[in-house]
Amino acid sequence: MKRIFSGMQPTGNLHLGNYLGALKNWVALQDSYECYYCVVDLHALTLPQDPEKLRAAVREVACAYIACGIDVSKSCLCVQSAIPAHTELSWILSTLTPLGWMNRMTQFKDKAGKDRDKQLLGLYSYPVLMAADILIYHADCVPVGEDQKQHVELTRDLALAFNSRYGETFPVPEPLIMGFAARVMSLRDGTKKMSKSDISDYARINLTDDADAIMLKIRKAKTDPEPLPDTIKALEKRPEAQNLVSIYASLADQSLETVLTQHAGAQFSTFKQELADLTIAKMEPLTARMRQLMSDPAEIDAILNAGSEKADALTQTYLQEVKRRVGLWL
Ligand code: TYM
């Protein structure tokens with residue numbers, strides 16, 4: 001069986017973009033791959049975090065994984081900071097990373113804005129840790145949303161760089177970017193990604209939102225005055241319309257064509273009502289399950305500890321091989 005590694009940061013609320021762009025696909029892949037799904041808490045330190053809240057957020061993300069359908073009897077759920085091999089490999093990879101590769105990372109450029117000198121080294125070097133996350137499992141595939149594609153490409157370059165310097169060690173992983181919702185956009189601006197850090201809560205649907213909140217946010221979502229078209233081409237210059245149609249298609253497991261055929265000519269007020277009903281029907285059971293899981297933190301901790309132990313054992317074997325090849329003390 002081929003192996004998968006993927007992860008989410010425990011920062012802020014998980015949202016519909018995380019679900020449709022990543023989690024929903026992770027669930028679908030469980031039967032055909034050996035899966036490691038990690039809560040990547042070290043990455044969260046690239047922003048200031050309250051220690052107690054960070055630990056609680058790790059549990060919350062793990063609950064979201066399980067509530068959305070990750071089955072712990074099939075997939076391994078683990079926490080990055082409990083598995084030291086991630087950071088050890090990260091240092092070794094950083095010694096193979098030209099600054100030019102890092103300077104190309106668009107996410108850093110977007111986050112840093114004009115004030116680059118005030119940004120922290122961790123935010124800048126974060127993609128190297130992400131590469132280590134993936135490579136230390138010898139993962140073959142990495143299911144992520146579109147925004148992480150460049151980081152997986154850097155991971156591939158680093159695998160090749162290590163292999164050519166020290167001999168064939170790492171498989172070169174493939175990004176798996178699936179479905180129509182690989183890039184879910186903000187509900188307030190169809191040209192911006194739906195994100196945890198958007199100052200407006202109306203820009204996203206959180207996995208913890210109740211039915212009233214979902215209804216209100218979809219009703220208020222930005223659209224244009226035209227009705228729904230009957231072709232995908234006609235959506236091209238209508239980012240908000242395209243986003244809502246893609247969300248619908250992904251939630252309903254239908255093609256974009258089918259959604260457009262069924263709703264062509266409808267006003268957005270009508271379509272939004274149907275989209276809200278569908279979103280509530282799909283999300284409510286997940287939210288309820290998440291709440292139930294959160295009420296038993298000891299159970300979640302036991303799952304995460306067992307998963308992290310398994311991941312630690314696997315990654316230590318690969319780390320020993322890396323240290324041997326590099327000439328480090330064993
Ligand atoms: P993070 O925590 O920002 O997001 C987790 C996953 O959700 C996807 N995603 C989206 N997909 C579609 N539309 C959106 N608006 C949207 N927003 C987020 C992301 O693509 C991601 O798949 N660097 C990663 C975490 C990470 C990682 C890894 C992932 C660290 N190490 C190793 C894979 C493998 C991140 O910040 O994702």
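Buried means under 20% relative accessible area, exposed means over 50%, and partly exposed is whatever falls in between (1.4 Å probe, protein chains only). Keep that cut-off in mind, because 5 of the 6 residues of β1 are buried and the strand is therefore largely enclosed by the rest of the structure.

What you have open is a predicted model, where local features need pLDDT of at least 70, side-chain atom pairs count only at pLDDT 80 or more, and totals for chains, interfaces and linings use all residues. Numbering runs from 1 along each chain as its sequence is written, and side-chain values use heavy atoms, with hydrogens and water left out.

**Stop 1: the whole chain**

Start with everything selected in cartoon view. You should find 13 helices and 5 strands; helices (H or I, at least four residues) and strands (E, at least two) are DSSP runs, numbered from the N terminus. The C-alpha trace spans about 70 × 45 × 40 Å along its principal axes. How does the radius of gyration sit against a compact globule? For 330 residues the globule value would be near 20 Å, and the chain has 21 Å, which agrees. That radius is taken over C-alpha atoms, and the globule rule is 2.2 Å times the number of residues to the power 0.38.

Now colour by burial: 52% of the 330 residues count as buried. Switch to a surface and you are looking at about 15,500 Å² of accessible area, 53% of which belongs to carbon and sulfur atoms. Those areas come from the Shrake-Rupley method with a 1.4 Å probe, and for residues only the protein chains shown count as cover.

Contacts are worth a look too, a contact being heavy atoms within 4.5 Å. Among contacts with a separation of 6 or more, 75% are between residues 24 or more positions apart.

**Stop 2: strands β1, β2 and β3**

Select residues 3-8 and 34-39. These are β1 and β2, paired in the parallel sense over 6 bridges; two strands pair if DSSP finds at least two bridges between them. To see one bridge, pick isoleucine 4 and its partner in β2, cysteine 35. Strand β2 is mostly covered, with 5 of its 6 residues buried.

Add residues 76-79, which make up β3. It runs parallel to β2, and 4 bridges join them. Tyrosine 36 stands opposite cysteine 76 here. Which residues of β3 lie on each side? Cys76 and Cys78 are on one side, Leu77 and Val79 on the other, and all are buried.

**Stop 3: glycine 145**

Move to the loop between β4 (141-143) and α8 (149-166), where glycine 145 is found. Its relative accessible area is 10%, so glycine 145 is buried. Show what it touches: Gly21, Ile177 and Ala182, not counting residues up to four places away in sequence. For a distance check, draw a line from glycine 145 to lysine 196: 51 residues apart in sequence, 14 Å apart C-alpha to C-alpha.

**Stop 4: serine 186**

Next, select serine 186 in the loop between β5 (174-176) and α9 (211-220). Buried or exposed? Serine 186 has 2% relative accessibility, so it counts as buried. Leaving aside neighbours within four places in sequence, its contacts are Lys192, Lys193, Met194, Asp198, Ala203 and Asn243. Leucine 244 is 58 residues from serine 186 along the chain, with 9.9 Å between their C-alpha atoms.

**Stop 5: two positive phi values**

Most residues other than glycine have a negative phi, and most peptide bonds are trans. With that in mind, select histidine 138, in the loop between α7 (121-135) and β4. Its phi is near 55°, a positive value. Histidine 138 counts as buried, because its relative accessibility is 13%.

Then jump to aspartate 253, in the loop between α10 (239-252) and α11 (256-263). Phi of aspartate 253 is also positive, near 55°. Here the relative accessible area is 59%, so aspartate 253 is exposed.

**Stop 6: tryptophan 329**

Finish in the segment after α13 (297-326), where you will find tryptophan 329. With 80% relative accessibility, tryptophan 329 counts as exposed. Draw one last line, to aspartate 210: the two residues are 119 apart in sequence and 54 Å apart in space, C-alpha to C-alpha.
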